[in-house]
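Welcome! Let's walk through one sheet together, a question at a time.

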Amino acid sequence: LADGRVDYVFWSADPTVEREAEGGFRFAGRFGLFRELNGQPTAVSIVGGTVLERDGVGIRLDAPEYRGRITAVDRADFAVTVSPAPESPESLVGQTVFIQNEGKRVAYEVLETREAGDGVELALAMDGRIGTGRVTGTEDGRVMTDTEFRLQYYGYYQGAHIINAEGTADYRINEVRSGAHAMIDTEQHPEATADTLAQDFKEGTWFEVWDYGVGDEVVVPLTASVELSGAHAWNIGAPGGLTVNLPAEN
């Protein structure tokens, strides 16, 4: 730019691979920004990565993202308990977290965090309920229903969870067939026989389908940045586990 500023932008689909780039750069992450003014570094930022440096100057993170497992769900308050707790749970407030399993990945904003033993409870911004249906019976690996589910065949329900009327049973599903049945993921739940399901899903009661449930993984890409704010002064923002190498003249 005319004022002598140069921005180097980095992006990668695989943040686990550390790459070298022309000009002495090393980068491993989803997104990175390295800014210079008249040849001197003034800002370095990385999202979902572990390193962004030029000739040894820059930042390194111990881990590119936080990962935990859902151990409990408060469906009335749209909250999940995740373990283990991240290093700085309060830093998740206002951030988007990703909840995923082998069949589904969804994103929710965190409104609040609360201590929960060795984990943390995350209050989410939206209701995770994506369907409800009436139980008409059970078969091996299936909860029968006469309720219409219009988003069948689009993968919308793949990896979701079916919850019984009492909220005591949680099964991951592969799909819902409109007016027919919810298909239990029997690889995850080999115990889901017709008799077992009949105990959990009594005929005439109503089940719910949720985006997430116990056992799903919560993933948060970590973000770190350093920015020159004055003579020999830098602002540093990171959730923890950050190593910063600054130029000697700054």
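Two strands are said to pair if DSSP finds at least two bridges between them. Keep in mind that this is a predicted model.

Q: Over how many bridges do S2 and strand S3 pair?
A: Strand S3 covers residues 25–28, and one of the bridges sets Glu-20 opposite Arg-26 in S3. S2 and S3 run in the antiparallel sense, and the number of bridges between them is three.

Q: Which residue in S7 stands opposite Glu-53?
A: Strand S6 spans residues 51–54 and pairs with S7 in the antiparallel sense over four bridges. The two form a hairpin with two residues between them, and Asp-55 in the turn has a positive phi of about 50°. Opposite Glu-53 stands Gly-58.

Q: Which residue in S22 does Gly-58 stand opposite?
A: S7 also joins strand S22, residues 242–245, through four bridges, and these two run antiparallel. In S22, the residue opposite Gly-58 is Asn-245.

Q: Which strands are the edge strands of the sheet?
A: Five strands form an open sheet with antiparallel pairing, in the order S2-S3-S6-S7-S22. An edge strand here pairs on one side only, and that description fits S2 and S22.

Q: What does the twist average from one strand to the next?
A: The sheet is open and has the strand order S2-S3-S6-S7-S22. Going from one strand to the next, the twist averages 15°.

Q: How many of the five residues of strand S7 are buried?
A: A residue counts as buried when its relative accessible area is under 20%. Strand S7, residues 57–61, is mostly covered, and the number of its five residues that are buried is four.

Key. Residues are numbered from 1 along each chain as its sequence is written. This is a predicted model: local features need pLDDT of at least 70, side-chain atom pairs count only at pLDDT 80 or more; totals for chains, interfaces and linings use all residues. Side-chain values use heavy atoms; hydrogens and water are left out. Buried means under 20% relative accessible area, exposed over 50%, partly exposed in between (1.4 Å probe, protein chains only). Axes are lines fitted to C-alpha atoms, for helices over the stretch in contact, and angles run from 0 to 180 degrees between N-to-C directions.
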